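Subject: Structure handover

Hi,

Here is the structure I promised to pass on. My notes follow below it.

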Amino acid sequence: MTTRQSARVSSRKQPKQARSNDLVAAVLDAAVQVLATEGAQRFTTARVAERAGVSVGSLYQYFPNKAAILFRLQSDEWRTTSNMLRTILEDASNPPLERLRILVHAFLRSECEEAQIRGALNDAAPLYRDAPEAIDTRAASAQIFQSFLHEVLPDATEDARSLAGDLIETTLSEVGSSFSATPRTTAEIDAYAGALADMLCAYVERLISA
């Protein structure tokens, strides 16, 4: 039986000097531009190197293939989203349901602002979605929701909290992806986020009172 191997998505090495950091930053900036203009299907290391003004050999010092570049972009996006989730949901200065409402608004705004790049990264997801790093990142995001729901629903079973967390996270992801596929005005984003927040808060309130 042959096991399908995932493309290597980790960087070859981490930059340690300012010059190396600048090169990696230039490659990633160029990668975003190529992804935005060419899409995932025409995304190549050669195009990225040309846009960055570096040799393909220099690029390969840090990224072994295009999957590694795309995964780095996706990882940076995941990290930004995770930090946003943690910052909002762990802010004890706001009541739990207010935190959830704030999160919905922030998430939808973020999805719309980065829609073009997120869409292209989703198209490229088969290159790295089964990589251990991707699995670990998704698990970390789920844990943030679980910690929040453990605070909100201390008497609920683990299965109940897991279901609630999965439903909220999936709803945000799917609705955000669908809604941001069309250019939106600020008023449209606010109205849609308000309605979505009402729905999710009502769901959590029902769980609290159950």
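Start with R99, which is found in helix α5. Keep in mind that this is a predicted model. R99 counts as buried, at 3% relative accessibility. Leaving out residues up to four places away in sequence, R99 touches I88, L89, E90, D91, A92, N94, F148 and E151.

Q146 has its place in helix α7. Q146 is buried too: its relative accessible area is 16%, and the cut-off for buried is under 20%. Its contacts, leaving aside neighbours within four places in sequence, are R161, S162 and G165.

Next, the nonpolar cores. The largest one has 31 residues. Which of them touch the most other members? They are L103, I168 and L172. Five helices each supply at least two residues of this core: α4 (66-89), α5 (96-113), α7 (132-152), α8 (158-179) and α9 (186-209). A second core, separate from this one, has 27 residues. Its members include V27, L28, L59 and F63. As background, nonpolar side chains tend to be buried together in soluble globular proteins.

Back to I168 for its contacts. Neighbours within four places in sequence are set aside here. I168 is then in contact with L100, F145, L149, L200, Y203 and V204.

Now the pocket. The largest pocket has a volume of about 890 Å³. Its lining is made up of 28 residues. Closest to the centre are Q74, E77, W78, N122 and S173. The helices α4, α5, α6 (115-124), α7 and α8 each supply at least two lining residues. Four of these names will be familiar from the core: α4, α5, α7 and α8 also each supply at least two residues there.

On to helix α2, residues 45-52. T45, V48 and A49 are buried in this helix. How do the buried residues of α2 sit around its axis? Seen down the axis, they fall within an arc of 100°, so they line one face of the helix. The general rule is that an α-helix has 3.6 residues a turn, so residues three or four places apart point the same way. Just after α2, G53 takes a positive phi of about 75°.

A49 deserves its own entry. A49 lies in helix α2 and counts as buried, at 2% relative accessibility. A49 touches V54, S55, V56 and L59, not counting residues up to four places away in sequence. L59 is also one of the residues in the second core. For a sense of distance, take A49 and E158. They are 109 residues apart in sequence. In space they are 48 Å apart, C-alpha to C-alpha.

Last, the cysteines. The structure holds zero disulfides. Why is C112 not bonded to C201? The sulfur of C112 has its closest cysteine sulfur in C201, 19 Å away, and that is too far for a bond. A disulfide here needs the two sulfur atoms within 2.5 Å. The reverse check agrees: from the sulfur of C201, the closest cysteine sulfur is in C112, at 19 Å. Are these two cysteines buried or exposed? C112 is buried, with a relative accessible area of 19%. C201 is buried as well, at 5%.

That is the full set of notes.

Best wishes

How values were computed: Residues numbered from 1 in each chain as written. Predicted model: local features only at pLDDT ≥ 70, side-chain atom pairs only at ≥ 80, totals over all residues. Heavy atoms only, no water. Buried < 20%, exposed > 50% of the residue type's maximum accessible area, 1.4 Å probe, protein only. Core = buried A, V, L, I, M, F, W, Y, C linked by side-chain atoms within 4.5 Å. Helix = DSSP H or I, 4+ residues; strand = E, 2+ residues; numbered from the N terminus. Contact = heavy atoms within 4.5 Å. Arc of directions from axis to C-beta. 1 Å grid on protein atoms, 1.4 Å probe; cavity = no way out; pocket = protein on both sides within 12 Å on 5 of 7 lines; lining within 4 Å. Points joined across faces, edges and corners; volume = space filled by probe spheres on them.
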